[in-house]
Amino acid sequence: MTLELGFLSLTLPPSGVFARLTDLSLDELHLHGPCGIGEAVSSPRCPSLQILKVANAQGLGNFAIHSESLLKIKLEKSCGLQQLTIVAPALKELTVFYCFAHDSDPSQPVADIAAPQLVSLHWRDAYHPSSIQFGEMAQLELLGATFFLVDEADGYEHNRDCVRLLRHFEDVSTLTLELAYMPEDIEEDLGEHHYLMEDMTRLPYVTFLTLLITAKGHSFGASSFHVLRTCTSIRKLMLIFSSSLDLEAEPACASGCFCDHPPNWKTEEIVLNRLQEVEISYLKGTEHDFALVKRLFSWATALKTMTISFHRSITESMAKEFCQRILGFSKPDICLKFYVYHHFYKKVLYVPED
C-alpha cells in the first residue's frame, strides 16, 4: 500500500490490526497525535509487514519499531527524527538517509539498531559511535556511507560522520562510497577550501568497491587514488559518474586547480593485484576521465575485464574516438566492452567497426 499525503496532518488510530498488510510506503506525511508510526507498524498491529518505506515525513520524533516480520526498512528525508529504535530479528536491508542530519537541530543523533540478520546497511546520515548503536551484525555484506567531500571550506564539517562510520566497520564485502566536491554556493559563503582526502585514513576490508563520483568538472584522479591505495584488497571496482544529461553544466576547471593535487597519483604505483573486473558508468570522455582510466590499467595488474558505458550524450562517432584511446591503454588479454545510449535511455553494446 502506498500513500502520498501532500503533508496533510495525519493522526494514527490507537488501535486496530492490519493482519494482511505486507508492504507499506508513506510519503509526505505530517504526523501528530499520541500514537507514533513505529507503534502502528510494529508486530502487534502489523504482524505480516515485510517492507516499510517512509519519506519526507514530519513529526517522527521518537521512532521505535519492534517487528518480527520486517525484512526491509527505508527512511528518507524525514527531518526531525530525534531517536530511532529498531528491534527486527529478520531485517535484511536498512536505509537511513538525511533524517538526523539537518542544520536546524544540531543535536547528536540517537539510535539503537538490533538487527542480527542485516545484510545491507545504507547509513547516509549523521553518525556518532557514542549515541548510535548498531548491535551485532555478523551477516552484514554491504555498507553504504554518506558522501565524502574531497574539499571542505572553513567551518563546514560534513566529513566527520562519514569517517566515523567507516572506522566502525572492520570487514564488509561491498562498500559504496560517494566522492563529491563542495557545492559552489557553500564554497563561496565559507571561503577558502582545503583538500581533505587525507582525513580518510582507513576503510573496511572490502572486495567490491563502488565509487560514486560527483566531479563538477574537477579532476577526481587524486581522490580516487587515495581511496584505492587504502583498500588494495578489492576484486571488483565500479565507478559511477554523475549522470546529468547536460555536459555544458560541468565546465572544465581552471589550470592549476587544487583538484589535481597532490600530483603523485599520476606517477606513483598501486598494487591492485586482486582487481579483476572494472565497470565504469556514464564516462564523459574528458581528459580527467582518460587520465584515470589509463592509470587503472597500470595499477590493476590482474585485470581481466573492463566494461565502459559512455555518458548518455555521447554519440557513436564520439564513442569511436574514445574507444580508440582506451584501447591504446589496454593490454591484449583484457576483455573490453563498450556501451552507448540510444535516445538517451536505451543502453546498447557498441562495437567499433574496425
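Cys231 is buried, at 3% relative accessibility. In this predicted model, Cys46 is buried as well, with a relative accessible area of 2%. A disulfide is a covalent bond between the sulfur atoms of two cysteines. The search of the whole structure finds 0 disulfides.

**Arg229 and its surroundings**

Arg229 belongs to helix 4, which covers residues 221–230. Its relative accessibility is 34%, and Arg229 therefore counts as partly exposed, the range between under 20% for buried and over 50% for exposed. With neighbours within four places in sequence left aside, Arg229 is in contact with Glu198, Asn264, Glu268 and Ile270. The side chains of Arg229 and His226 are joined by a polar contact of 3.5 Å. Trp265 lies 36 residues from Arg229 along the chain, and 10.0 Å separates the C-alpha atoms of Arg229 and Trp265.

**Strand pairing**

Strands of a sheet pair through backbone hydrogen bonds, either parallel or antiparallel. One open sheet is formed by 4 strands in the order 4-6-8-10, with parallel pairing. Strand 4 (62–66) and strand 10 (132–133) each have a single partner strand and stand at the edges, so one side of each has no neighbour in the sheet. Within this sheet, strand 6 and strand 8 pair over 5 bridges, and Thr85 stands opposite Asp112 of strand 8.

Parallel pairing also links strand 17 with strand 18 and strand 18 with strand 19. The table sets out three pairs, each with its bridge count and one pair of facing residues.

| Strand pair | Residues | Sense | Bridges | Facing residues |
|---|---|---|---|---|
| Strand 6 and strand 8 | 83–87 and 110–114 | parallel | 5 bridges | Thr85 and Asp112 |
| Strand 17 and strand 18 | 236–241 and 277–283 | parallel | 5 bridges | Lys236 and Glu277 |
| Strand 18 and strand 19 | 277–283 and 305–310 | parallel | 6 bridges | Ile280 and Ile308 |

**Strand 18**

Strand 18 spans residues 277–283, and 5 of its 7 residues are buried, so strand 18 is largely enclosed by the rest of the structure. On the strand 17 side, Lys236 has Glu277 of strand 18 as its bridge partner. On the strand 19 side, Ile280 is bridged to Ile308. Strand 18 and strand 19 also take part in a right-handed β-α-β unit, together with helix 5 (residues 287–299).

Key:
Residues are numbered from 1 along each chain as its sequence is written. This is a predicted model: local features need pLDDT of at least 70, side-chain atom pairs count only at pLDDT 80 or more; totals for chains, interfaces and linings use all residues. Side-chain values use heavy atoms; hydrogens and water are left out. Two strands pair if DSSP finds at least two bridges between them. Helices (H or I, at least four residues) and strands (E, at least two) are DSSP runs, numbered from the N terminus. A disulfide is a pair of cysteine sulfur atoms within 2.5 Å. Buried means under 20% relative accessible area, exposed over 50%, partly exposed in between (1.4 Å probe, protein chains only). A crossover is right-handed if, with the strands pointing away from the viewer, the path from the first strand over the helix to the second runs clockwise. Contact means heavy atoms within 4.5 Å. A polar contact is a pair of N or O atoms within 3.5 Å; within protein, one must be able to donate a hydrogen and the other to accept it, and residues adjacent in sequence count only if both atoms are side-chain atoms.
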